[in-house]
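The exercises below ask for features to be located in a structure and then traced step by step. Please keep the sequence and the coordinates at hand while working through the solutions.

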Amino acid sequence: MEEQEVDVLIIGAGIAGLTAAKLAKMAGKKTLVIEASDGVGGRVRTDDKDGFLLDRGFQVLLTAYPEAKKLLDYKKLDLKAFRPGAIVLSRHSKHQIGDPIRQPMLLFSTLFSPVGTLADKLLLLKLKIALAFTTVEKIFDRPEMDTMAYLQRYGFSKKFIDNFFRPFFTGIFLENELSTSSRMFEFTFKMFGQGLAAVPAGGMGMISAQLAEVLEKDELILNERVTGIDGNAIHTKSGNSYTARAIIIATDAPHIPVSAFSKNAIERKSALTLYFNTGKKTAATQLIALNSNREQLVNNIAFMDHISPAYAPKDQSLISVSVSTGEGLGVQELEQKVRQELLQWYPESSKWQLLQVYAIPYALPKNDTVSHTVSPNTAQLSANSFICGDHLLNGSINAAMKSAEIAVSAMLASSIFNQQKS
């Protein structure tokens, strides 16, 4: 049995755990991170398959995230941005809409696209401006309703909700009923309005890798699953034990190794992404394509090599296709149905090769009720154990980082490191 005592022991090397480690080390605490899988990042990882960079499910970094701006070095990440706007796919046709403020050339195509009415487009601009002058704190202090009710109350037409908001936010919220909290909608829409949707040149996993740079080789243990916590000691499946003055639990909700925290209270949302590769370069597009046909599987399509060339080998392309649901379908049947839908807009897709399918059982916590912060008491489970993770706030990279900041602050302020106050 291995024993190791440190100041802070962190369970989980996802975004929350890595952020907690960075902040703990900045405070001068000896830190050890234990991770059950074979690498850091949790849900934010990138695999290299035959020269193609495959993020584990389609995801982006919103550059306006307050916590990300504080904790990440965007220049070193070499962020590559999608163009603001989207291509809206209807049956056998495509229509482009954009942000007329940032892209004046798209003003007329946006205003006169059949995606919605002129009034809808003007309301969209009004909403963007209103949220630009609303603080994040104020957004999360507002009463909650579901996003659908919010959009209807704001005055958007059913056509615009179905053709734009539903396909756009299905890919973000991982549900197509728009039942997610209006707070989450306003926050996300504000972030899109104030920044860009981007990916690091080397894939989303570079975010996790950058956070992990603070860890020395002996401060990270992989392939070690925690099975229980006993006071200031943790026990693992391999039979090892580790002790620390403080323990921070940073796993996703289903894997929290303490009975005091109700796993059943955390409902999850899954994600499913198919990656296709081509033998030659596809036509350039830096817009996300959104499927407005609600009854179909495909939700959004992104040509990743046109955002960052590093995502695919030279003269080849990588296409990410996210589907709203694939429940009950085998890989072969799923591929067949997705291909049938893709042919409506991309006849050349018949020659695309399926490279990888990612099914992510826990991609997001349920976001029907969300918050921007929690009290230190919520982050502290016992005298020496603390918890962080986006499930405490809202499903986003920003929330994962924010929760870690709250947990570390609560830990540093506790009697563990302030014995004279006890």
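Two strands are said to pair if DSSP finds at least two bridges between them, where strands (E, at least two residues) and helices (H or I, at least four) are DSSP runs numbered from the N terminus. The model is a predicted one, in which local features need pLDDT of at least 70 and side-chain atom pairs count only at pLDDT 80 or more, whereas totals for chains, interfaces and linings use all residues. Residues are numbered from 1 along each chain as its sequence is written, and side-chain values use heavy atoms, with hydrogens and water left out.

**Exercise 1. Describe the open sheet that contains strand 9, and find the residue that stands opposite Leu 62.**

Step one is the strand order: three strands form an open sheet in the order 5-9-6, with antiparallel pairing. Step two concerns the edges, which are strand 5 (61-62) and strand 6 (79-81), each of them pairing on one side only. Step three is the pairing of strand 5 with strand 9 (residues 197-200), which is antiparallel and extends over two bridges. Within strand 9, the residue opposite Leu 62 is Ala 197.

**Exercise 2. Determine how strand 17 is joined to strand 14 and to strand 16, and whether its residues are buried or exposed.**

Begin with the pairings: strand 14 is joined to strand 17 by seven bridges, the two running antiparallel, and strand 16 (residues 298-303) is joined to strand 17 by five bridges, again antiparallel. Individual partners can then be read off, since Leu 274 has Val 321 as its bridge partner in strand 17, while Phe 303 has Ile 319.

Next comes the burial, for which buried means under 20% relative accessible area, exposed over 50%, and partly exposed in between (1.4 Å probe, protein chains only). Strand 17 (residues 317-323) is mostly covered, with seven of its seven residues buried. In a regular strand the side chains alternate between the two faces of the sheet. Here Ser 317, Ile 319, Val 321 and Val 323 point one way, Leu 318, Ser 320 and Ser 322 point the other way, and all are buried.

Finally, consider Asn 277, which lies in strand 14 (residues 268-278) and counts as buried because its relative accessibility is 7%. Leaving aside residues up to four places away in sequence, Asn 277 is in contact (heavy atoms within 4.5 Å) with Phe 52, Gln 316, Ser 317, Trp 352, Gln 353 and Leu 355.

**Exercise 3. Locate the partners of three salt bridges, and state where each pair sits in the chain.**

A salt bridge is a side-chain nitrogen of Lys or Arg within 4 Å of a carboxyl oxygen of Asp or Glu, and a search of the whole structure finds 16 of them.

The side chains of Lys 25 and Glu 219 form one such bridge, at 2.7 Å from N to O. This pair links distant parts of the chain, 194 residues apart, with Lys 25 in helix 1 (residues 15-26) and Glu 219 in the loop between helix 10 (205-212) and strand 10 (220-221). Lys 25 counts as partly exposed because its relative accessibility is 24%, whereas Glu 219, at 11%, is buried.

Arg 43 and Asp 390 meet in another salt bridge (3.2 Å, N to O). This pair also links distant parts of the chain, 347 residues apart: Arg 43 is in the loop between strand 2 (31-34) and strand 3 (46-49), and Asp 390 is in the loop between strand 19 (385-387) and helix 13 (397-413). Arg 43 is partly exposed, with a relative accessible area of 26%, while Asp 390 is buried at 5%.

The side chains of Arg 166 and Asp 162 are joined at 2.9 Å, N to O, and both residues lie in helix 8 (residues 158-173), four residues apart, or about one turn of the helix. Both Arg 166 and Asp 162 are buried.

**Exercise 4. Place Asn 240 in the chain, and identify its side-chain partner.**

Asn 240 is found in the loop between strand 12 (233-236) and strand 13 (241-249), and with 17% relative accessibility it counts as buried. Its side chain makes a polar contact with the side chain of Ser 238 at 3.3 Å; such a contact is a pair of N or O atoms within 3.5 Å, where, within protein, one must be able to donate a hydrogen and the other to accept it, and residues adjacent in sequence count only if both atoms are side-chain atoms.
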